[in-house]
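Colleague: I am new to this protein and would like a short walk through the model. Could we look at it together?

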Amino acid sequence: MIKKAIYLSLFSIVMLSCGGDDYTYVPTEPELPGSGSEEEEEEPAISDEELLDLTQEETFKYFWDYADSNSGGARERYHPNDPGNSEGVVTAGGTGFGLMAILVGIERGFVSRTEAVDRLNTLLDFLENADRFHGAWPHWMNGATGAVIPFSDLDDGGDLVETAFLAQGLVCIKEYFKNGTDVEQALAQQADNLWKGVEWDWYTQNQNVLYWHWSPNHDFAINMQLKGYNEVLITYVMAAASPDFTIEKEVYTNGWASNGGIQSSNTQYGYPLLVKHNGAEQFGGPLFWAHYSYLGLDPRNLSDDYVNYWDVNVSHTMINYEYCVANPGFHQDYGADCWGLTASYSRNNDGSIGYNAHSPNNDIGVISPTAAISSIPYAPEESLAAMHYFYRNRNDLLGPAGFYDAFSPEYDWVAEAYLAIDQGPQIIMIENYRTGLLWDLFMANEDVQAGLTKLGF
């Protein structure tokens, strides 16, 4: 599967013929597999644009062909070799990513507008009737009934961060269809009503910070405050944007920004981190932190009282890249075309599939394609180099719904499985890099603009 290095020792032999004539023998290099022998099939050329097309179209299948059969929502996971695994488990955040992916599918011609509207009508009706907790959706829902599926013992209610990822997608749906046919305008209005029903302010507990979870059975027992820097910036933006359940700037200032404590003066490989990555202040956290909140929220020229978030994401990406190039752990194949550490499926010590939040300070030799692919707006050359590597190894890495979730060159191991939250950012961020579609839609929303203004952006 992985690049193989073949070392040859070339030597010259001087031989004397029987007749006494001097003769110098110069050996020729033998033809080796992959060296261009006529028997070897030549690697088909693929351009950058063709590769972007292919990656988007194949990844789109996760949210279309392999979506939940009842609701049309995004399945939490899909294992091609075990399709019954978690069947019927719909994820709120991944469904938000799926909403945005469907818009890309329309624009790219993967599905017709009519087909998409039909699917979206089914999906939004499902969301409208699903369990909600002070307006927030749970992390997992039953795709047939909309009932909450507990994510953990205490997490059987509203998940505000997953809800924010879903709301980001609903805003894009509203903006995309608001000037369409009567049916499309009704769809747009339904999407608008859905996200505006979230009681964001309830999740403050009357304090100047947002809390991640609330359960009717366990109240705020998990007690997890949303403080940066991590993936949750979009939660504060959506909360500030809410017309009826808004938060004040003080909640953002004290919560997300820790009253300025979010800032960092650390540098790595010559790049300033700018913000204190929670638990990873020197090299930065897993790369999904540069993706999830910025699928709709445009980081270009996005600055609050503390930092410029475009600069934050570029530095975060380049540090992750430079770490893999430096490869202090001496992992096989790490380099300029094989890089990207983020949360994904992972390899357990016994070779079984697990889950891990890979990052430079938690590197076990597992590469996650979504890390480099979804970072294409921040590091296009580096991202495309990685995509070409994944494509060269497509016989092992490319499955029925895009590139598989993770692989380890040194163990010759591939997680032949997918996660919604890893597939979604790929198709969306590629589109933002190419056309800015989702960024333009989200940022055009009047409520979003009002929320950003309130927070000091």
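Colleague: What radius of gyration does the protein have, and what would a compact globule of 457 residues have?

Modeller: This is a predicted model. The protein has a radius of gyration of 25 Å, and a compact globule with 457 residues would have one near 23 Å, so the two agree. Along the principal axes, the C-alpha atoms fill a box of roughly 105 × 50 × 40 Å.

Colleague: How many helices and strands does the protein have?

Modeller: There are 14 helices and 17 strands in the protein.

Colleague: And what share of the residues is buried?

Modeller: Buried residues account for 57% of the 457 residues. As background, nonpolar side chains in soluble globular proteins tend to be buried together. Here the largest nonpolar core has 132 residues, and the members that touch the most others are Trp137, Leu170, Phe177, Trp256 and Tyr309.

Colleague: Which element gives the largest share of this core?

Modeller: Helix 4 does, with twelve residues. Another core lies apart from the largest one; it has seven residues, including Tyr345, Ala406, Trp413 and Leu419.

Colleague: Changing topic: how much space lies in the largest pocket?

Modeller: The largest pocket holds about 510 Å³ of space. Its lining has 27 residues, and those closest to the centre of the pocket are His139, Phe151, Glu162, Tyr355 and Ile421.

Colleague: Which elements give two or more residues to that lining?

Modeller: They are helix 4, at residues 160-177, strand 11, at 343-347, and strand 12, at 353-357. Strand 12 gives the most, with four residues.

Colleague: How does the lining of the largest pocket divide into nonpolar, polar and charged residues?

Modeller: It has 16 nonpolar residues, five polar ones and six charged ones.

Colleague: What about enclosed spaces: how many cavities of 30 Å³ or more does the structure hold?

Modeller: It holds two cavities of that kind. The largest cavity has about 40 Å³ of space, and the second largest cavity also has about 40 Å³.

Colleague: Which residues line the largest cavity?

Modeller: The lining consists of Phe63, Gly72, Gly73, Ala74, Thr95, Gly98, Leu99, Ile102 and Leu123. Helix 2, residues 92-108, supplies the largest share, four residues. By type, the lining of the largest cavity has five nonpolar residues, four polar and no charged.

Colleague: And which residues line the second largest cavity?

Modeller: Phe288, His291, Tyr292, Thr342, Thr370, Ala371, Ile421, Asp422 and Pro425 line the second largest cavity. Two or more of the lining residues come from each of helix 9 (369-373) and helix 12 (420-434). Helix 12 gives the most, with three residues. This lining divides into five nonpolar, three polar and one charged. Ile421 lines this cavity, and Ile421 is also among the residues closest to the centre of the largest pocket.

Colleague: Now the cysteines. How many disulfides are there?

Modeller: The count is zero. For Cys324, the nearest cysteine sulfur is that of Cys338, 7.7 Å away. A disulfide calls for sulfur atoms within 2.5 Å, so a pair at that distance does not count.

Colleague: Are those two cysteines buried or exposed?

Modeller: Cys324 counts as buried because its relative accessibility is 0%. Cys338 counts as buried because its relative accessibility is 0% as well.

Colleague: Last topic, the backbone. Where is there a cis peptide bond?

Modeller: As a general point, most peptide bonds are trans, and most residues other than glycine have a negative phi. In this model a cis peptide bond joins Gly228 and Tyr229, with omega of about 15 degrees. Tyr229 sits in the loop between strand 8 (213-214) and helix 6 (233-241).

Colleague: What is the phi of Leu274, and what is that of Asn327?

Modeller: Leu274 has a positive phi of about 75 degrees, although it is not a glycine. For Asn327, phi is positive too, near 50 degrees.

Colleague: Where do they lie, and how buried or exposed is each?

Modeller: Leu274 is in the loop between strand 10 (271-272) and helix 8 (309-326). With a relative accessible area of 23%, Leu274 is partly exposed. Asn327 is found in the loop between helix 8 and strand 11, and at 11% relative accessibility Asn327 counts as buried.

Notes: Residues numbered from 1 in each chain as written. Predicted model: local features only at pLDDT ≥ 70, side-chain atom pairs only at ≥ 80, totals over all residues. Heavy atoms only, no water. 1 Å grid on protein atoms, 1.4 Å probe; cavity = no way out; pocket = protein on both sides within 12 Å on 5 of 7 lines; lining within 4 Å. Points joined across faces, edges and corners; volume = space filled by probe spheres on them. Nonpolar A, V, L, I, M, F, W, Y, C, P; charged D, E, K, R; others polar. Core = buried A, V, L, I, M, F, W, Y, C linked by side-chain atoms within 4.5 Å. Buried < 20%, exposed > 50% of the residue type's maximum accessible area, 1.4 Å probe, protein only. Rg over C-alpha atoms; globule rule 2.2 N^0.38 Å.
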